[in-house]
Each structure stands twice: as C-alpha cells, then as structure tokens.
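Colleague: I am new to reading protein models. Could you walk me through a few features?

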Amino acid sequence: MAAKPRFRKDASAESDPQPGSPSGSDQKHPVDEKLPPGKMFTSGLQHVAAMYAGVVAPPMIVGPAVGLDAKETAFLMGASLFTAGIATLLQTLGFWKIGAKLPFVNGVSFAGVTPMIAIGKGEGDNAIPIIFGAIIVAGVLGFFAAPYFCKLVRFFPPVVTGTVITLIGVSLLPVAFNWSQGGNSQADDYGSMTNIGMAALTFVIVLALRKFLRGFLQQIAILLGLVAGTLIAIPVGITNFDAIKSAGLVGFPTPFHFGAPQFEIAAIISMCIVMLVCMTESTADMLALGKIVGRPADEKTIEGGLRADTLGSAISPLFNGFMCSAFAQNIGLVAMTKVRSRFVVATGGGILILLGLCPVLASVIALVPLPVLGGAGIVLFGTVAASGIQTLATAALEKGENALIVAAALGIGLIPIAAPTFYHAFPEDLLVVLDSGISTGCVVAIVLNLAFNHLGKKDTGDENPTQPEIPDQIPATAH
C-alpha cells in the first residue's frame, strides 16, 4: 500500500506563514485555499498579466510565417488565450486522474514554434490543418505515455531539481531582457534609452512596492507595478492603443476555423519530439512548484499534470490553438507573492477564457508595453533562479561529485543562452531539444546523477549523498 505524502516543515515555511495557512486545528493546505472573491480575481489577473505576452507570441510568430494575414493571425492569438484558459483549468481543478491540482499555469509552448514554421512552409492553405493534425496525435500519444513518463520523478533528487529550477529562471531572463528592449529587434527603438528606462523604472517600482506595502497589496505588487508602469508609459509614448480600436466586443474561436486537421507522418514525428520536450520541462516545473508551495510533486501528481498538459494539447487544435505546456514564469510569481492557492490560478484560467471570447478585453491586457513587462519579468524570473539556488543548498554539494554534476549541467544548459548559434550546424530536428537549455541541462543532470550516485554503488544508505534528501522533495509514493 502506498504511503501518504509527507509534508516537510522547514524553516522557510515556519518563518513565512501564509494568510490562512494551516495551523494545528486547520489541516487545509494553502494550495487548496479559496481566497475572498476580490483577492481571487486580482491575484488571478496578476498571473494573466505575467504570462499574456508568452501566450500570444507563438501565434504572432507562426501566423505570418505560414502565410496568414493580420486578421487571421489575430484570430489565432485569441484562440491561444482561450485554449490556454482551458488547459489551465484542467491543470488546477482537474478531474478523474487529470491535473496536478497545483497553482500551475498552462499556455502555448515556445518549443513548438520552429518545428511548426518548418512544417507549414510551402503548404499554403494546408499549413495550419497539417500542424493541428500533428499536435492532436502528439497530444493523444503523450496522454497515454504519461503514466510511464512520470516514473522519471525518482531520478530528480535535490542535486537535479535545484539545477533544473536554476536553469528555468536563468533561461527566462533573456526573455525579460528582450522585452525590456522593446521585444522586436527590427524596430527602430529596440534597445533605446526610453525602453530600457521604462523597464528599469518598473523594476524599481516593483521592488519598492514589495518593500513598503504589506498584506495583500504586497502580494499583488507585480500587478500594481505593471499598472503604474503602463500609466507612466502613456505620456512617454510607448503605449499602443491600436489594438483596442480594432478589437471586436465578442469573438469565438470557431472549431476547425482553418479546416479539418490533416495527418502527415513527418509532421507528426516532429511534434511528438516537441511533446517529449514539453513533458520533460513540465516534469521539472512541477517539481519546482511543488517545492515552492510545500506540496512535493509525487508520481501521481506528475502523472495528472502530464495528462492535463497532453489532453490540453490534444483538444487545443479543435479551437484553433497550439500545443500547451507549463509556463515557468508564473512559478516565479507564486514564489514571490507566496499566494499558493490553485484556485487563484484557476481564476486566471477563467480570465484567459473570457479574454479569448472578448477581444476588446484582451486588448486591454495587451496595453502593457513590453518594456514595462520586462522590468517586472526580471524580478519574476530571478526569483525562480533564486529558488533553485536555495534547493541546491540542500543537495550536499560538498559530498561525492554533486558539485561536478551541477557544474556540467549548468554549463550545458546555458549554451543556448550564452551562444544561441552554437548548434547551428546540427540537424533541425535535434534543435528542438538542443535549443532548450532546460531540457538539455535536465538530461545532463539526470544522466550524471545516475552515473556518479547510482551506477556501481552499493545500497549502504550513505554512499549516495543526494538520496537522504529525496523524502523532503518527493513523497514516499514516488518510489
């Protein structure tokens, strides 16, 4: 019989109580708390603001690349918001054995952008149906593979999870830097003092709000910082109102708007590889989030989370959406605000659905200039990296070859960031994995941990310096 998950009571949890957190008489975990409606909505809106640009960016890139005009690309963006909301609800609320039931945000995966563009080139009007057909098959296969894939959790001790969490944060920082410069490297004002100045001002505002506000207002400091930065950006002249002017009041992502899905073997294989990359990153993200919220992710949790990811991906093309996966930037928001309720993120999922159905509301969120979002993003993504470093502090780096494992995994994982063209001569199919520093770093950390801490070792209890930490990170049900 599987043992019940054991929740660790560490110093950070005791010294940093959450509003309404469980006490001796109340055993409800903060993840399962329901906040008052006002707080639920504003906290959920903060999650949407943090991930909005990440959801609309892939369709914004893929649409023109496969020959869609501005109107059809805008339709894709609305559909992506709608399907991201559905996937987020599957992940946070769940049903049956589907959903991690953690404050986990799902949205369009960047990992699929390059393969989708490659699939759609030269296909004309068939480009989107072929892409959607490949995503549906990859999602269904991933759904059935989830019970087996989740067993990899036993290979994620602190030396691995800490490395991966650190890589998640560090890998996201270039996104914040790009936003801070304006987001479009072809624009005349890219990297201008105005853009970077607004990012710096927003960065300072967020830090000041975190320092001087208290209670709930401190928890929504990111949202308040984004609002303040956007208001300041209006007289500066970098806030664009064109989206509101052209947006309709109501819009529904008509099923199979671009035609019935088509199934081509090469496209399916390509998207199945992307799905494996997404499942690897989602596993790492769930382990990171479980650590942050104090509910360690065991095999059952990861299996449910992967099922939500893959099911969300399989049904997204029905409503003209792309492959869905975890959004790591929102993990940083949970770590920073310490609002751990999954119902807050579910509220964010509801807002995403509403935005997908009401383009004019979506355009209001889009008012936030990218430099403003970049300034806040530096704080968010840096918080994720800091959480990884905190986890590594428990990984007994002074023992065995743990320090070497971390050094090698971080080194390989940082290649796509430090040298983006490093793998330019490799086959395009391999770039799906190699261009993801999170995936490559994760694989290296797992393989080296097996090589140094498992293979050839006798089970004496002390010879694997990372093993004693596993119960703190992963409940007994993971074994």
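Modeller: Happily; we will look at a helix pair and then at two single residues.
This is a predicted model, where local features need pLDDT of at least 70, side-chain atom pairs count only at pLDDT 80 or more, and totals for chains, interfaces and linings use all residues. Residues are numbered from 1 along each chain as its sequence is written, and side-chain values use heavy atoms, leaving out hydrogens and water.

Colleague: At what angle do the axes of α9 and α16 cross?

Modeller: Two packed helices are described by the angle between their axes and the distance between the axes. Here, α9 (residues 221-236) and α16 (residues 370-392) have axes that cross at roughly 155 degrees and come within 9 Å. α9 is therefore roughly antiparallel to α16 (an angle over 145 degrees).

Colleague: Which residues of α9 meet α16?

Modeller: Contact means heavy atoms within 4.5 Å. From α9, I222, L226, G229, T230 and A233 meet V372, L373, A376 and L380 of α16. Seven of the residues in this contact are nonpolar, two are polar and none is charged (Ala, Val, Leu, Ile, Met, Phe, Trp, Tyr, Cys and Pro count as nonpolar, Asp, Glu, Lys and Arg as charged, and the others, Gly among them, as polar).

Colleague: Is T88 buried or exposed?

Modeller: Buried means under 20% relative accessible area, exposed over 50%, and partly exposed in between, with a 1.4 Å probe and protein chains only. T88, in helix α3 (residues 70-92), is buried at 1%. Residues that T88 touches include F104, V345 and L352.

Colleague: And how does V175 rate?

Modeller: V175 sits in helix α6 (residues 158-181) and is partly exposed, at 34%.

How values were computed: Axes are lines fitted to C-alpha atoms, for helices over the stretch in contact, and angles run from 0 to 180 degrees between N-to-C directions. Helices (H or I, at least four residues) and strands (E, at least two) are DSSP runs, numbered from the N terminus. Angles under 35 degrees count as roughly parallel, over 145 as roughly antiparallel, 65 to 115 as roughly perpendicular and the rest as oblique. Lists of a residue's contacts leave out its neighbours within four places in sequence.
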